[in-house]
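Please open the model in your viewer, show it as a cartoon, and keep side chains ready to be switched on as you move from one stop to the next.

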Amino acid sequence: MADPTLRAYVPQGSDIEISKESSSILALYRQATQNDSNLCLKVIGADGDEQALTIPAVAGRLLADVLNQMAEGHAVTLVPLNAELTTQEAADLLNVSRSYFIEQLDAGEILYHEVGRHRRIRAKDLMVYRQKIAAKRLVAVDDMVALSEEMGLYD
């Protein structure tokens with residue numbers, strides 16, 4: 001991946017434990033304060049130097065989400081919405097094969113543009129597609145439940 005912000009961070013051993021502890025502390029803080037308040041953190045350098053750091057509320061929520069995912073041992077990838085992804089990067093983010101992803105592009109399911117002879121997908125367009133398939137999936141599950149109820153198979 002060309003853009004270093006698209007690296008997947010896979011938590012290992014102590015990262016998971018630290019993330020669990022940090023996410024618990026952050027959750028307590030957010031419950032004790034307004035969820036929309038800025039977050040003030042104390043950063044301690046390797047030399048013991050301390051500095052206060054204030055981050056916006058939205059960054060605090062994002063940090064909490066990242067720590068929760070890492071505490072569960074899940075890989076985390078940050079993708080700026082304006083990022084342009086290769087077909088392989090986009091397929092990886094959707095957890096599908098590149099060939100299946102190309103089929104979706106060819107079918108017009110996902111917006112893309114060409115840079116030379118290479119296709120590029122904007123992250124925001126990929127997220128639109130992801131939301132669309134998630135909505136379709138929910139409708140399909142609802143339909144299956146309704147059908148099961150009609151057939152008397154669902155108690």
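Begin by selecting β6 and β7, which form a hairpin with 2 residues between them, and look in the turn for G116, whose phi is positive at about 65 degrees. Bear in mind throughout the tour that this is a predicted model. The two strands of this hairpin run antiparallel and are joined by 3 bridges, and if you pick E114 you will find R119 of β7 standing opposite.

Now switch on the side chain of H113, which lies in strand β6. Its side chain makes a polar contact of 3.4 Å with the side chain of R122, and, leaving aside residues up to four places away in sequence, H113 touches E84, H118, R119, R120 and R122. While R119 is in view, add Y112 to the selection, since R119 lies over the face of Y112 at 5.3 Å from the ring centre. How many aromatic pairs does the model contain? The count comes to 0 aromatic pairs.

Next, widen the view to the whole sheet.

Select β5 together with the hairpin strands, and you will see an open sheet of 3 strands in the order β5-β7-β6, with antiparallel pairing. The edges are taken by β5 (84-85) and β6, each of which has a single partner strand, so one side of each is left without a neighbour in the sheet. Between β5 and β7 (residues 118-122) the antiparallel pairing runs over 2 bridges, and here E84 stands opposite R122 in β7. Helix α5 (residues 123-150) packs on this sheet, where it touches β5 and β7, and the direction of the helix makes about 70 degrees with that of β7.

From β5, move along the chain to helix α3 (residues 87-94), in which T87, E89, A90, A91 and L94 are buried. What do these buried residues pack against? They pack against β5, α4, β7 and α5, and T87 is a good residue on which to follow this in detail.

Select T87, found in helix α3, and ask whether this residue is buried or exposed. T87 counts as buried because its relative accessibility is 9%, which falls under the 20% limit. The side chain of T87 nevertheless has a polar partner, for it makes a polar contact of 2.9 Å with the side chain of R98. Apart from residues up to four places away in sequence, T87 touches R98, F101, I102, L105, R119 and I121, so that R119, already visited over the face of Y112, comes into view again.

Step just past the end of α3 to N95, which lies in the loop between α3 and α4. Here the backbone deserves a look, as N95 has a positive phi of about 60 degrees although it is not a glycine. Is N95 buried or exposed? With a relative accessibility of 70%, N95 counts as exposed.

Continue to E109, whose place is in the loop between α4 (98-106) and β6 (113-115). E109 is partly exposed, with a relative accessible area of 29%. If you display the neighbours of E109, not counting residues up to four places away in sequence, you should find Q104, Y129, K132 and K136 in contact. Which of these side chains is joined to that of E109 by a polar contact of 3.2 Å? The partner is K132. You may also draw a distance between the C-alpha atoms of E109 and L126, which are 17 residues apart along the chain and separated by 9.9 Å.

For the last stop, go back towards the start of the chain and select strand β2 (residues 39-44) with strand β3 (residues 50-55), which pair in the antiparallel sense over 6 bridges. Within this pairing, C40 has T54 in β3 as its bridge partner. The hairpin of β2 and β3 has 5 residues between the strands, and G48 in this hairpin takes a positive phi near 90 degrees. With G48 on screen, you may wish to return to G116 in the turn between β6 and β7, where phi is also positive, and view the two hairpins one after the other.

Methods: Residues are numbered from 1 along each chain as its sequence is written. This is a predicted model: local features need pLDDT of at least 70, side-chain atom pairs count only at pLDDT 80 or more; totals for chains, interfaces and linings use all residues. Side-chain values use heavy atoms; hydrogens and water are left out. Rings of Phe, Tyr and Trp (its six-membered ring) pair if their centres lie within 6.5 Å; planes under 30 degrees apart count as stacked, over 60 as edge-to-face and the rest as tilted. A charge sits over a ring if NZ of Lys or CZ of Arg is within 6 Å of the ring centre and within 35 degrees of the ring normal. Helices (H or I, at least four residues) and strands (E, at least two) are DSSP runs, numbered from the N terminus. Buried means under 20% relative accessible area, exposed over 50%, partly exposed in between (1.4 Å probe, protein chains only). Contact means heavy atoms within 4.5 Å. A polar contact is a pair of N or O atoms within 3.5 Å; within protein, one must be able to donate a hydrogen and the other to accept it, and residues adjacent in sequence count only if both atoms are side-chain atoms. Two strands pair if DSSP finds at least two bridges between them. Axes are lines fitted to C-alpha atoms, for helices over the stretch in contact, and angles run from 0 to 180 degrees between N-to-C directions.
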